[in-house]
Amino acid sequence: MRFVREGEIKATRPGADRFTDGVWEASALEELEPDGLRAQRFSYEPQARSGWHTHDGEQALYVLSGRGVVTRWGEVAGTRIGPGDWVHVQPGEKHWHGAAADDTLVHIAVTASGATHWHGPVTDEEYRAGLG
């Protein structure tokens with residue numbers, strides 16, 4: 001068993017190949033076994049977002065504060081999310097998530113197993129469409 005204290009968690013800027021500017025990633029739980037469970041806290045400035053991506057295992061997002069959107073591949077408009085909302089992402093489901101145009105977003109991402117695969121940026125047009 002491992003305990004992680006808030007003071008041990010350090011936020012960094014993820015790479016531009018995964019997220020736009022304006023995103024901070026804080027790794028809270030690092031996998032204890034190869035391809036094991038891991039968790040991060042993501043903080044997004046308005047309009048900041050992830051790129052398109054998939055996960056080998058399941059992922060759960062839990063919104064702590066702010067407003068945002070999650071969009072699945074093939075959807076024109078995404079689903080708005082806010083404080084207290086959970087999102088359950090299935091393995092292999094191509095999607096992106098990010099903050100609303102006029103609000104910040106903070107969420108926890110818990111990924112069950114396996115890798116995350118990145119499939120390119122979300123364009124400004126895709127972002128606007130995702131907001132509905």
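User: In which sense do strand β5 and strand β8 pair, and over how many bridges?

Analyst: This is a predicted model, and the pairing is read from it as follows. Strand β5, residues 59-66, and strand β8, residues 86-89, pair in the antiparallel sense over 4 bridges. One residue pair serves to fix the register: Q59 has V89 as its bridge partner in β8.

User: Over how many bridges do β5 and strand β10 pair?

Analyst: β5 and β10, the latter covering residues 105-111, pair over 7 bridges, in the antiparallel sense. Here Y62 may be taken as the reference residue, with I108 as its bridge partner in β10.

User: In what order do the strands of the open sheet follow one another?

Analyst: The order is β1-β2-β3-β10-β5-β8, which makes 6 strands with antiparallel pairing. The edge strands are β1 (11-12) and β8, each of which pairs on one side only. When side chains are inspected, a general idea is useful: along a regular strand they point alternately to one face of the sheet and the other.

User: Which residues of helix α1 are buried?

Analyst: In α1, residues 124-131, the buried residues are Y127, G130 and L131. Viewed down the axis of α1, these buried residues fall within an arc of 100°, so they line one face of the helix. The exposed residues E125 and R128 are carried by the face turned away from that buried side.

User: What covers the buried residues of α1?

Analyst: The cover includes β6 (68-72), β7 (79-81) and β9 (95-99). After the helix comes G132, with a positive phi near 85°.

User: Which residue other than glycine has a positive phi near 60°, and where does D35 lie?

Analyst: The residue is D35, with phi near 60°. D35 belongs to the loop between β2 (23-29) and β3 (38-44). Its relative accessible area is 47%, so D35 is classed as partly exposed.

User: What is the phi of Q47, and where is the place of this residue?

Analyst: The phi of Q47 is positive, about 75°, although Q47 is not a glycine. Q47 is found in the loop between β3 and β4 (53-55). With a relative accessibility of 44%, Q47 likewise counts as partly exposed.

User: How is empty space found, and what is the volume of the largest pocket?

Analyst: The general idea is that a probe the size of a water molecule, rolled over the atoms, shows where empty space remains. In this model, the largest pocket has a volume of about 160 Å³. It is lined by 15 residues, of which Q40, F42, H55, T116 and W118 are the closest to its centre.

User: Which elements give two or more residues to this lining, and which gives the most?

Analyst: β3, β4, β10 and β11 (116-118) each give two or more residues to the lining of the largest pocket. β3 gives the most, with 3 residues.

User: How do the residues of the lining divide into nonpolar, polar and charged?

Analyst: The lining of the largest pocket holds 4 nonpolar, 8 polar and 3 charged residues.

Note on methods:
Residues are numbered from 1 along each chain as its sequence is written. This is a predicted model: local features need pLDDT of at least 70, side-chain atom pairs count only at pLDDT 80 or more; totals for chains, interfaces and linings use all residues. Side-chain values use heavy atoms; hydrogens and water are left out. Two strands pair if DSSP finds at least two bridges between them. Buried means under 20% relative accessible area, exposed over 50%, partly exposed in between (1.4 Å probe, protein chains only). The arc is that of the directions from the helix axis to the C-beta atoms. Contact means heavy atoms within 4.5 Å. On a 1 Å grid over the protein atoms alone, a cavity is a set of points where a 1.4 Å probe fits but cannot get out, and a pocket is an open set with protein on both sides within 12 Å along at least five of seven lines; lining residues have an atom within 4 Å of a point. Grid points are joined across faces, edges and corners, and a volume is the space filled by probe spheres set on the points. Ala, Val, Leu, Ile, Met, Phe, Trp, Tyr, Cys and Pro count as nonpolar, Asp, Glu, Lys and Arg as charged, and the others, Gly among them, as polar.
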